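Here is a short tour of the pockets and the core of one protein. Take a look at the model first, then read on.

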Amino acid sequence: MTVIRYQTTPHTAEQNHQLIEQVFTQLTAQRPDGLRYAALRLDDGVSFLHLVNSDIEPSPLTSLDAFTAFQRGLGDRIAMSPTRTAATLIGSYQVLR
């Protein structure tokens with residue numbers, strides 16, 4: 001599993017949020033196998049956390065048009081560069097099966 005955390009600028013946080021929602025809309029429609037993905041917006045309103053786990057390489061996430069749109073211009077939306085960390089799932093209840 002990969003954990004990605006970053007901060008957007010205050011004036012681009014809502015746009016970032018909407019782009020992430022579009023990724024989930026496409027995921028719901030296409031339902032790619034082998035992918036588990038969650039995205040969270042933290043209470044400060046500008047910090048985002050993504051949890052990605054894929055049984056397939058490259059991840060089906062990267063082939064989505066909505067994900068490509070999300071990544072386009074990300075550098076202009078962020079205030080703090082993304083940190084990417086590998087993580088091991090210890091447990092999950094109804095979140096990451």
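Leaving aside its neighbours within four places in sequence, which residues is L61 in contact with? L61 is in contact with V23, L27, L35, Y37, V52 and F67, where contact means heavy atoms within 4.5 Å. This is a predicted model, in which local features need pLDDT of at least 70, side-chain atom pairs count only at pLDDT 80 or more, and totals for chains, interfaces and linings use all residues. Residues are numbered from 1 along each chain as its sequence is written, and side-chain values use heavy atoms, with hydrogens and water left out.

**The core**
- The largest nonpolar core (buried Ala, Val, Leu, Ile, Met, Phe, Trp, Tyr and Cys residues joined through side-chain atoms within 4.5 Å; buried means under 20% relative accessible area with a 1.4 Å probe, protein chains only) has 19 residues.
- Those with the most contacts inside this core are Y6, V23, L27, Y37, L61 and F70.
- The largest share of this core, five residues, comes from α1; helices (H or I, at least four residues) and strands (E, at least two) are DSSP runs, numbered from the N terminus.
- In soluble globular proteins, nonpolar side chains tend to be buried together.

**The largest pocket**
- On a 1 Å grid over the protein atoms alone, a pocket is an open set of points where a 1.4 Å probe fits, with protein on both sides within 12 Å along at least five of seven lines; lining residues have an atom within 4 Å of a point.
- The largest pocket is lined by 18 residues, and I4, V52, L61, F67 and R84 lie nearest its centre.
- β3 gives the largest share of this lining, four residues.

Terms used. Buried < 20%, exposed > 50% of the residue type's maximum accessible area, 1.4 Å probe, protein only.
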